[in-house]
Amino acid sequence: MFILQAAIAAFIASLAYAMVFELRGKTLFLTSLGGAISWVGYKLILLIPDVHYLLPFLIGTILSSIYAEVMARLLKKPATVFLIVAMLPLVPGQGIYETMVAFVTGNNSLGARIGGQTLAITATLAIGMLMTSTIFRLVMKLNRHVSQWEHSKKIR
């Protein structure tokens with residue numbers, strides 16, 4: 001039940017964010033679904049005992065990146081349309097806020113610690129997107145070359 005509630009909350013937050021980008025119709029729904037998928041992936045990994053705090057972010061990012069690439073191919077739209085909205089639930093907004101509060105109140109050591117963790121989360125999100133996009137593009141290119149090779153083999 002907890003996972004379902006998290007998915008619904010992430011879907012609604014992503015939906016509102018997608019509306020800011022003036023997305024409409026099917027694209028509005030499907031981009032928001034990507035946000036729910038990324039957040040469910042994140043929450044499921046958190047259920048594993050003693051998991052490193054960055055792993056749920058990485059898995060959520062990989063899931064949202066794969067979803068964005070697949071939806072981009074199916075709907076013939078840029079992957080970034082889906083990826084930006086799908087990544088919203090994973091953005092470490094609380095860490096950014098707490099870092100700022102710590103520095104403003106003069107607690108520099110706490111600000112540095114939370115800021116470092118937030119930076120690590122942000123880097124994990126970027127690495128997850130880059131890794132998934134690169135692998136997806138390599139697989140697509142390999143698939144295209146194999147198809148061309150099979151086609152040229154049939155002609156001979």
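## Close-up views of a predicted model

W39, Y42 and F57 come together as one aromatic cluster. That cluster opens a set of legends for a model that is predicted.

**View 1. The aromatic cluster brings together W39, Y42 and F57.** Across the structure, the count of aromatic pairs comes to 4. One of them joins W39 and Y42 in a stacked arrangement, with 4.6 Å from centre to centre and 20° between the planes. The angle falls under the 30 degrees required for stacking, which is why this pair carries that label. W39 and Y42 are 3 residues apart in helix α2, so about one helical turn separates them. An α-helix has 3.6 residues a turn, so residues three or four places apart point the same way. Are these two rings buried or exposed? W39 has 19% relative accessibility and so counts as buried; the limit for that class is under 20%. Y42 is buried too, with a relative accessible area of 12%. The third member, F57, is among the buried residues of α3.

**View 2. Helix α3 spans residues 55–75.** With 21 residues, this helix reaches 30 Å from its first C-alpha to its last, close to the 30 Å expected at 1.5 Å a residue. Which of its residues are buried? They are P56, F57, G60, T61, S64, S65, Y67, A68, E69, M71 and A72. E69 from this list returns in the next view, where its salt bridges are shown.

**View 3. A salt-bridge network joins E69, R73 and R137.** How many salt bridges does a search of the whole structure find? The search gives 2. In one, the side chains of E69 and R73 meet at 3.0 Å, N to O. Both residues lie in helix α3, 4 residues apart, which is about one turn of the helix. The other salt bridge links E69 with R137, whose closest N and O atoms are 3.9 Å apart; the cut-off is 4 Å, so this pair still counts. E69 lies in helix α3 and R137 in helix α6, so the pair ties together parts that are 68 residues apart in sequence. Shared partners make one network of E69, R73 and R137. Side chains of opposite charge can pair when their charged atoms come close. As for exposure, E69 is buried at a relative accessible area of 5%. R73 is partly exposed at 34%, and R137 is partly exposed at 48% relative accessibility.

**View 4. S32 sits in helix α2 among several contacts.** Helix α2 covers residues 25–46, and S32 is found there. What does S32 touch, once neighbours within four places in sequence are left aside? Its contacts are F11, S14, L15, A18 and V85. With a relative accessible area of 0%, S32 counts as buried.

**View 5. A nonpolar patch on the surface is formed by M1, L4, I8 and I12.** Together, these residues have about 450 Å² of accessible area. I8 lies in helix α1, which runs over residues 2–20. At 45% relative accessibility, I8 counts as partly exposed.

**View 6. D50 and K76 each have a positive phi.** Most residues other than glycine have a negative phi. Here, D50 has a phi near 55°, a positive value in a residue other than glycine. Where is D50 placed? D50 is in the loop between α2 and α3, and at 82% relative accessibility it counts as exposed. K76, likewise not a glycine, has a positive phi of about 55°. This residue comes just after α3, in the loop between α3 and α4 (79–87). K76 is exposed, with a relative accessible area of 74%.

**View 7. Q148 and I135 are set apart along the chain and in space.** Q148 lies in helix α6, which covers residues 108–155. The two residues are 13 places apart in sequence, and their C-alpha atoms are 20 Å apart. Q148 counts as partly exposed, at 48% relative accessibility.

Conventions: Residues are numbered from 1 along each chain as its sequence is written. This is a predicted model: local features need pLDDT of at least 70, side-chain atom pairs count only at pLDDT 80 or more; totals for chains, interfaces and linings use all residues. Side-chain values use heavy atoms; hydrogens and water are left out. Helices (H or I, at least four residues) and strands (E, at least two) are DSSP runs, numbered from the N terminus. The expected span of a helix is 1.5 Å times one less than its number of residues. Buried means under 20% relative accessible area, exposed over 50%, partly exposed in between (1.4 Å probe, protein chains only). Patches are made of residues with over 30% relative accessible area and no salt bridge: like charges are joined within 9 Å, nonpolar side chains (Val, Leu, Ile, Met, Phe, Trp, Tyr) within 5 Å. Accessible areas come from the Shrake-Rupley method with a 1.4 Å probe; for residues, only the protein chains shown count as cover. Contact means heavy atoms within 4.5 Å. Rings of Phe, Tyr and Trp (its six-membered ring) pair if their centres lie within 6.5 Å; planes under 30 degrees apart count as stacked, over 60 as edge-to-face and the rest as tilted.
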